[in-house]
Structures are given as structure tokens and as C-alpha cells.
Amino acid sequence: MPRAVFIDRDGVVCRNREDYVKSWEEFHFLPGALDALARLAQTDLRIVVVTNQSAINRGIVPAEVVESIHARMVSAIEANGGRVDGVFYCPHRPDEGCSCRKPRPGLLLRAAEQLALDLEGSYLVGDAESDMRAGRAVGCRRFLVLTGRGRRQLLRCLIHGERGFAVVPDLQAAVGRILRLERQRRTVPLEETVGC
Ligand SMILES: [Mg+2]
Ligand SMILES: [Zn+2]
């Protein structure tokens with residue numbers, strides 16, 4: 001079963017905006033994000049963007065605009081040698097009580113179903129407590145980046161006792177760690193063979 005790297009969008013791939021990313025003009029890749037995604041594309045891990053976009057049901061951004069932003073985001077990532085295997089978004093407001101808005105794991109479960117993913121062998125990279133909670137719910141190995149809302153959200157995690165994730169400066173660092181873990185994963189069986 002394929003494994004995945006789930007990546008939050010705002011604050012991880014692109015600059016976070018308090019007033020939401022409402023157009024392609026407001027979408028700015030964070031430094032190093034495109035290169036990190038290109039490095040990740042060299043693995044057999046599925047690359048899946050999972051993002052809360054409540055601006056849709058708040059009536060701030062039409063769903064079609066969010067989808068066109070995603071299409072352009074994916075094109076830019078591909079033009080830089082990267083790849084995206086899926087983009088899953090939650091359009092709901094918090095008061096709607098849906099099952100897909102992070103911290104709920106609905107987006108991860110939907111992606112796992114559509115792409116037949118092994119969730120426990122998967123990774124998640126986010127800049128918020130809600131990302132860490134969603135990832136924990138399905139057993140992913142988690143990375144909190146300090147870009148976007150990361151610093152304040154790290155504090156929230158500490159206050160709420162959310163733990164068990166690694167803290168890294170940005171997506172590039174998270175990908176570096178993931179690539180190292182993947183290399184270890186490949187070499188361990190060999191070492192075991194040598195051992196017996
Ligand atoms: Mg975020
Ligand atoms: Zn939702």
C-alpha cells in the first residue's frame with residue numbers, strides 16, 4: 001500500500017494570510033517550498049495537500065476560485081520538478097460541525113480511501129495544532145513547521161498537551177527529515193539480514 005506525505009497548504013507551502021488567500025495574486029510560495037516538493041517527488045511517497053478553506057462557506061472565496069488556485073499551484077510545483085497526487089480541501093465553517101475540517105481527520109481519511117493509502121506509514125506536515133491533531137487521529141508521523149502560524153501554534157500544542165510530533169523550521173527541513181527516515185527504512189531490512 002502506498003504511503004503519503006500530507007502537507008497543509010497555508011503557512012507550509014504558501015504564505016499564510018489572516019484574511020485568507022482569495023486569489024492567485026495572493027498566493028505566494030514560501031521560500032524553499034518548491035524545491036522541497038521537488039525533492040519529495042523523487043520518493044515513491046504520495047504527495048497530498050490537505051487544507052481547511054472555510055473562506056468558501058463564509059462566502060469570501062468561491063470554491064471555483066480555490067480550485068483554480070490549486071490548479072495553478074500544482075502547475076507551478078510541476079514546472080519546478082515536483083508532483084502533487086491529490087489536493088483535498090474542507091470548505092466548511094467551524095460552526096457547521098463537518099467531519100473534514102481539521103483537527104478532524106476526514107480529509108486524511110478521504111484521501112486514504114481514494115488513493116488507497118497506508119495512513120500509519122504516512123507523514124503529515126503542518127503549521128497548526130489542528131494539523132497535529134488530525135495527523136495523530138490517523139497515526140501519521142507528524143512535523144510542525146515554524147513558518148506560517150507555527151510558532152504560536154507550537155505554544156498552543158504545549159499548553160494543550162499535544163505532543164509526539166517533531167518541530168522543524170520549515171517544509172524544507174521536514175522533507176529533509178522524511179528523506180532521512182525513508183533511507184533508514186530502506187537500509188534496515190538489509191542490516192537485519194546481515195545480523196542473522
Ligand atoms: Mg496552515
Ligand atoms: Zn469540512
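Ala, Val, Leu, Ile, Met, Phe, Trp, Tyr, Cys and Pro count here as nonpolar, Asp, Glu, Lys and Arg as charged, and the others, Gly among them, as polar. This is a predicted model, where local features need pLDDT of at least 70, side-chain atom pairs count only at pLDDT 80 or more, and totals for chains, interfaces and linings use all residues. Residues are numbered from 1 along each chain as its sequence is written.

Let's start with the pockets. A pocket is an open set of points on a 1 Å grid over the protein atoms alone where a 1.4 Å probe fits, with protein on both sides within 12 Å along at least five of seven lines; lining residues have an atom within 4 Å of a point. Volume is the space filled by probe spheres set on the points, which are joined across faces, edges and corners.

| Pocket | Volume | Nonpolar | Polar | Charged |
|---|---|---|---|---|
| Largest pocket | about 510 Å³ | 3 residues | 7 residues | 13 residues |
| Second largest pocket | about 150 Å³ | 4 residues | 4 residues | 4 residues |

Of the 23 residues lining the largest pocket, Asn16, Asn52, Arg101, Ser130 and Arg149 are the closest to its centre. Two of these names return around Cys90: its contacts (heavy atoms within 4.5 Å) include Asn52 and Arg101, leaving aside residues up to four places away in sequence. Cys90 has 0% relative accessibility and so counts as buried, that is, under 20% relative accessible area with a 1.4 Å probe and protein chains only.

Now to the metal. Asp8 (OD), Asp10 (O) and Asp127 (OD) coordinate the magnesium ion (ligand 1) at 2.1 to 2.2 Å, donors being N, O and S atoms within 2.8 Å of the metal (3.2 Å for Na, K and Ca), with water not among the atoms. Asp8 and Asp127 are both buried.

Technical notes
Chains are lettered from A and ligands numbered from 1 in the order in which they are written. Side-chain values use heavy atoms; hydrogens and water are left out. Buried means under 20% relative accessible area, exposed over 50%, partly exposed in between (1.4 Å probe, protein chains only).
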